[in-house]
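Trainee: I have the model open and some terms to check. Can we go through what justifies each one?

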Amino acid sequence: MIRLLRRLGYALALPVLLLVVWWITTDDSENFYLPPLRTILRAFAETWTLERFQADVLPSLARFAAGYALAGVVGVTVGLLIGGLRWLRALLEPVLEFFRAIPPPVLVPVIMLFAGIDHTMKVVVIAVGAVWPILLNTVEGVRSVDEVLVDTCRAYQLRRFARLRHVILPAASPQIVTGLRQALSIGIILMVISEMFASSNGLGYTIIEFQRSFAIPEMWSGILLLGLIGFALSVLFRAVENRVLAWYHGLRRAQRSS
Amino acid sequence: MLEVRGLRKVYEGRQRQVEAIRNLTFTVDKGELVCLVGPSGCGKTTLLKCVAGLLAPTAGAVWFAGRPVTRPPEGMAVVFQEYGRSLFPWLTVRANVELPLKRRKLRRAERARLVEESLAAVGLADVHHAYPWQLSGGMQQRVAIARAIAYQPQVLLMDEPFAAVDAQTRAELEDLIRELWRKLGVTVLFVTHDIDEAVYLGQRVIILTASPTVVREQLTIDLPVQRDQLHTRALPRFTELRGHVYEQIQMAKQGARVPVATG
């Protein structure tokens with residue numbers, strides 16, 4: 001209990017300090033673009049009502065979830081294939097590095113041409129941007145499966161599918177999770193950006209609308225909300241990771257202490 | 001049961017070729033416990049991988065139960081030296097032992113019985129639900145042995161399985177192997193660099209030369225079948241055999257020095 005409180009104290013100390021500093025430095029701010037935190041928080045409460053959540057936040061999150069899931073399925077499946085087949089890897093690796101190097105936001109106008117400006121476009125943008133870290137980390141994870149483990153599988157006659165499901169996938173899972181974690185923040189960025197281009201609802205759209213109509217405290221409150229959503233998603237991610245990779249963290253602890 | 005004929009293995013490097021094994025011929029009969037011993041770096045692991053079908057020989061062949069080995073054959077189980085890398089860390093002890101049995105069409109109850117019996121046989125009846133990395137090195141190697149015997153192999157291949165555990169654990173595991181061998185009637189090919197271990201365990205010891213490896217001598221170990229650490233190791237005959245193997249290996253090392261110096 002005391003340890004939990006202490007950890008909570010450590011976790012909260014800096015955010016609280018930053019908020020206090022923000023509060024004090026902007027308290028008597030006359031700058032139109034930098035309103036006092038007080039004003040922003042009031043705007044937050046007034047702006048982000050349940051109604052607005054349903055109209056703007058939920059569609060954003062739904063598109064994010066769809067795009068992220070798509071990126072996950074495609075990234076892991078293709079990554080397992082490329083990682084497992086040497087000739088495919090030699091063929092595709094340079095191309096993959098090229099695609100990875102393209103900043104995903106520049107693809108938004110291009111994808112708009114193909115996928116229109118509706119939900120599909122946004123989901124595709126999120127997926128196209130988020131798929132790379134997942135794909136490349138999966139390839140790396142499959143490639144670095146311990147050769148003794150591979151020999152063990154072969155000696156015990158584990159066939160292709162069993163080997164993939166029971167050995168290669170779990171062995172690569174720590175790296176896959178790393179890729180998924182990187183993809184999470186990329187996905188959130190693209191969720192917002194895709195809505196700034198052509199949209200009639202969503203978080204990115206709303207923030208841009210506030211900015212264009214000079215509703216500055218509301219704009220700030222939207223940015224604050226985005227930060228909170230990103231934070232909540234990463235906490236959720238970590239909780240899932242701790243469950244799925246419990247064996248890995250245990251193994252690492254055991255290796256360190258020996 | 002197991003026949004190695006004219007086995008040769010050359011690794012192709014970028015600049016040069018390394019001849020790990022020159023010419024090996026020996027047989028292991030059904031139910032035998034044979035130890036392969038040689039100076040360190042004499043291609044023992046290479047040999048075992050060829051026998052297991054994990055590595056293709058450059059020339060010669062391995063025959064198992066009347067058939068040439070071209071890939072890992074059914075009925076062979078391998079225990080590797082690196083237990084920490086050979087067990088699946090995301091599976092519990094029980095699931096580790098069970099995984100190789102899954103593709104056999106066994107009834108669930110039958111499979112569970114095999115797993116339980118094997119774990120009990122290696123003295124791990126009470127850690128079914130632990131993960132391998134929660135166990136000591138010796139216990140992890142016991143799990144690997146349990147996995148091998150649950151697989152019900154005709155031949156059990158062991159690649160320096162006790163090289164990484166402490167001396168006391170090693171003695172216990174040696175006795176465990178003798179006991180399992182006698183109880184199960186399985187054929188065992190045991191690779192080691194430890195002379196004492198080879199003499200203590202084996203019915204027969206095959207002494208290898210340094211790399212490029214050939215068989216230097218085959219030695220029948222005429223110690224009593226019933227062996228234990230205290231008395232067997234104190235027998236004059238044990239000391240004699242041990243001394244003989246030691247001498248042979250020293251000579252094998254020196255014999256190797258000549259071609260290395262000139263070549």
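Trainee: What makes β2(B) and β10(B) a parallel pair?

Mentor: This is a predicted model. In it, two bridges join β2(B) to β10(B), and the strands run parallel. Pairing needs at least two bridges, so the count of two meets the cut-off. One link there sets B:Asn23 opposite B:Val214 in β10(B).

Trainee: What makes β1(B) and β2(B) a pair, and in which sense do they run?

Mentor: Eight bridges join strand β1 (residues 2-12) of chain B to strand β2 (residues 17-28) of chain B. The cut-off is at least two, so they pair. Their sense is antiparallel. B:Tyr11 stands opposite B:Val18 in β2(B). Four residues lie between the two strands, which form a hairpin.

Trainee: Where is another hairpin in chain B?

Mentor: Between β9(B) and β10(B), again through four residues. Five antiparallel bridges pair β9(B) with strand β10 (residues 213-220) of chain B. B:Leu208 faces B:Val215 across that pairing.

Trainee: How do you know which strand flanks β9(B) in the parallel sense?

Mentor: Look at the bridges. Strand β3 (residues 33-37) of chain B is joined to β9(B) by four of them, running parallel. B:Val37 stands opposite B:Ile207 in β9(B). β3(B) also runs parallel to strand β8 (residues 187-192) of chain B, over five bridges. There, B:Val34 has B:Leu189 as its bridge partner.

Trainee: Why is the pairing of the whole sheet called mixed?

Mentor: The sheet has ten strands, in the order β5-β4-β1-β2-β10-β9-β3-β8-β7-β6 (chain B), and is open. β1(B) and β2(B) run antiparallel, while β3(B) and β8(B) run parallel. Both senses occur, so the pairing is mixed.

Trainee: What makes β5 and β6 of chain B edge strands?

Mentor: Each has a single partner strand, so one side of β5 (67-68) and one side of β6 (76-79) are left without a neighbour in the sheet.

Trainee: Is β9(B) mostly covered or hardly covered?

Mentor: Mostly covered. Four of the five residues of strand β9 (residues 204-208) of chain B are buried. Buried means 20 or more other C-beta atoms within 10 Å, so four residues pass that test. Set that against α11(A): among its twelve residues, zero are buried, and the helix is hardly covered.

Trainee: How do you know the length of α11(A) fits a helix?

Mentor: Check the span. At 1.5 Å a residue, the twelve residues of helix α11 (residues 246-257) of chain A should cover 16 Å. The end C-alpha atoms are 17 Å apart, which agrees.

Trainee: Which residues of α9(A) are buried, and what covers them?

Mentor: In helix α9 (residues 203-212) of chain A, the buried ones are A:Leu203, A:Gly204, A:Tyr205, A:Thr206, A:Ile207 and A:Phe210. Their cover includes α3 (50-84), α8 (160-197) and α10 (216-244) of chain A. After α9(A) comes A:Phe214, with a positive phi near 55°.

Trainee: How many helices and strands does chain A have?

Mentor: Eleven helices and zero strands. Buried residues make up 32% of its 258 residues.

Trainee: What makes B:Leu189 stand out in the largest nonpolar core?

Mentor: That core has 121 residues, and B:Val51, B:Leu157 and B:Leu189 touch the most other members. Helix α6 (residues 119-143) of chain A supplies the largest share, 15 residues. Beyond four places in sequence, B:Leu189 touches B:Leu2, B:Val28, B:Val34, B:Leu36, B:Val51, B:Val155 and B:Leu157. Contact means C-beta atoms within 7 Å, so each of these partners meets that limit.

Trainee: How many residues of each domain of chain B are in contact with the other domain?

Mentor: Ten residues of domain 1 of chain B are in contact with seven of domain 2 of chain B. On the domain 1 side, helix α6 (residues 167-184) of chain B gives the most, five residues. That side divides into nine nonpolar, one polar and no charged. The domain centres are 26 Å apart, over C-alpha atoms.

Trainee: And what makes up the contact between the chains?

Mentor: Chain B gives 20 residues and chain A gives 19. On the chain B side, 13 are nonpolar, two polar and five charged.

Conventions:
Residues are numbered from 1 along each chain as its sequence is written. Chains are lettered from A and ligands numbered from 1 in the order in which they are written. This is a predicted model: local features need pLDDT of at least 70, side-chain atom pairs count only at pLDDT 80 or more; totals for chains, interfaces and linings use all residues. Domain bounds come from an automatic or database domain assignment. Two residues are in contact if their C-beta atoms, placed from the backbone, lie within 7 Å. Ala, Val, Leu, Ile, Met, Phe, Trp, Tyr, Cys and Pro count as nonpolar, Asp, Glu, Lys and Arg as charged, and the others, Gly among them, as polar. A nonpolar core is a set of buried Ala, Val, Leu, Ile, Met, Phe, Trp, Tyr and Cys residues joined through C-beta atoms within 7 Å. The expected span of a helix is 1.5 Å times one less than its number of residues.
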